[in-house]
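Here's a quick tour to read alongside the model. Keep the viewer open and click through the residues as they come up.

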Amino acid sequence: MDFPRPQGGSLLARHLTPEVWRRLKDRETRYGVRLEHVIASGLANPDSAVGVYAGDAESYELFAPLFDPIIADYHGFGPDKRHQSDLDPAHLDAPNPDPEGRYVVSTRIRVARNLCCFPFGSVLSRRERRIVEATVVRALEGLSGELAGRYHPLYEMDPATKARLVADHFLFKEGDRFLEAAGLNRDWPDARGLFHNEDKTFLVWVNEEDQLRIISMQPGADLQAVFARLARALGVLERRLTFARSQRLGYLTSCPTNLGTAMRASVHVRLPGLTEEEIKTIARAHGLQVRGTHGEHTRAEGGVYDVSNRRRLGLAEVEAVRELAAGVRALLKAVD
């Protein structure tokens, strides 16, 4: 096979050299992941910012000559570093940055997880995906108290319900071309679904980009409460499920941008009087990123921006939430 020449400004285009291609093109993980699986999305989408997806936990080791430079470039995290985790709510000092509720519409903290001893979604077979779903649902059915809820398979949802849940930011949807090219939308909607508690403050997406997206959310800006709920849920689930994890890279995810904490802590916030460029400048200064109301590749609707932590690897979960709180305070100060 000839050396593929990625186009555009993606990290794949920057780091997939002919030498790296020759070293890696014949390697294969125990689950059959080859280099062409890893780079498929970036080759199909030249405008991709990153362009690679891991097919399993072993991908990060076997294809390290490609992944390590991309990880260092994106996270500033070299191969000599080791990730440290801290999900203890007692270690979090992040007072509500908008106690009067004037600007912050809602707060959401999610983490991505994949089960140990399974390939990731891009190469997961239909049978394996169903086993993952059944395993996760059994674990979720054992949750109690505030976390107790019900699992809703996608194939059982009527179109109106599905559209409403997507619009309210409770549900994922098919159609992302980057995930499609990576193989993450195969067999849609088979073995995919949504778990949520009664108040929809705790949700789990099953078999989207990663096998689990575990989410804590609520109106307002009480970061402490949202983080504490997430930590409680993870404590229970980690007694019932074994997640893919590396001593060096932390929690392992399909996309290398989510490694480490695999956490995205975000707020939906109205910032009247500030231009989008002013918002992004303040956010960058605090290690945050700004997206549209419905996430990446969308626009702000009604002046509502999605502001979240950019750093996920090389800092603990409590540090990521503290960074978000400090950045939101700076944004609200600029509004006032």
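Start with Gln-218, which sits in strand β5 (residues 212–219); strands here are DSSP runs of E, at least two residues, helices are runs of H or I, at least four residues, and both are numbered from the N terminus. This is a predicted model, where local features need pLDDT of at least 70, side-chain atom pairs count only at pLDDT 80 or more, and totals for chains, interfaces and linings use all residues. Residues are numbered from 1 along each chain as its sequence is written, and side-chain values use heavy atoms, with hydrogens and water left out.

**Gln-218 and its partners**

- Gln-218 counts as buried because its relative accessibility is 18%; buried means under 20% relative accessible area, exposed means over 50%, and partly exposed is in between (1.4 Å probe, protein chains only).
- The side chains of Gln-218 and Arg-229 are joined by a polar contact of 2.6 Å. A polar contact is a pair of N or O atoms within 3.5 Å; within protein, one must be able to donate a hydrogen and the other to accept it, and residues adjacent in sequence count only if both atoms are side-chain atoms.
- Setting aside neighbours within four places in sequence, Gln-218 is in contact (heavy atoms within 4.5 Å) with Ser-106, Thr-107, Thr-201, Ala-225, Val-226 and Arg-229.

**Asp-222, in the loop after β5**

- Asp-222 belongs to the loop between β5 and α9 (223–237).
- With 30% relative accessibility, Asp-222 counts as partly exposed.
- Not counting neighbours within four places in sequence, Asp-222 is in contact with Asn-96 and Thr-107.
- Asp-222 and Ala-325 are 103 residues apart along the chain, and their C-alpha atoms are separated by 9.8 Å.

**Helix α11**

- Does the length of α11 add up? What 19 residues (317–335) should span at 1.5 Å a residue is 27 Å, and the end C-alpha atoms are 28 Å apart, which agrees. The expected span is 1.5 Å times one less than the number of residues.
- Ala-325 turns up again among the buried residues of α11, which also include Glu-317, Val-318, Val-321, Leu-324, Val-328 and Leu-332.
- An α-helix has 3.6 residues a turn, so residues three or four places apart point the same way.

**Asp-73 on α5**

- Asp-73 is part of helix α5 (residues 64–75), and at 33% relative accessibility it counts as partly exposed.
- The side chains of Asp-73 and Arg-14 make a polar contact of 2.6 Å.
- Leaving out residues up to four places away in sequence, Asp-73 touches Leu-11, Arg-14 and His-15.
- Leu-11 is 62 residues from Asp-73 along the chain, with 7.8 Å between the two C-alpha atoms.

**Backbone oddities**

- Most residues other than glycine have a negative phi, and most peptide bonds are trans.
- The peptide bond from Trp-188 to Pro-189 is cis, with omega near 5°. Pro-189 is in the loop between α8 (177–182) and β3 (193–197).
- Asp-187 is in the loop between α8 and β3 too, and has a positive phi, near 60°. At 26% relative accessible area, Asp-187 is partly exposed.
- Asn-207 also has a positive phi, near 60°. Asn-207 lies in the loop between β4 (202–206) and β5 and, at 4% relative accessibility, counts as buried.

**The cavity and a pocket**

- Both come from a 1 Å grid over the protein atoms alone: a cavity is a set of points where a 1.4 Å probe fits but cannot get out, a pocket is an open set with protein on both sides within 12 Å along at least five of seven lines, and lining residues have an atom within 4 Å of a point.- The structure holds one cavity of 30 Å³ or more, and the volume of the largest cavity is about 30 Å³. Grid points are joined across faces, edges and corners, and a volume is the space filled by probe spheres set on the points.
- Asn-207 helps line the largest cavity, along with Gly-121, Leu-124, Arg-129, Leu-184, Arg-192 and Glu-208.
- The second largest pocket has about 190 Å³ of space. Of its 14 lining residues, the closest to its centre are His-152, Met-157, Thr-161, Leu-165 and His-196.
- β2 (149–153) and α7 (159–167) are the elements that give two or more residues to this pocket's lining.
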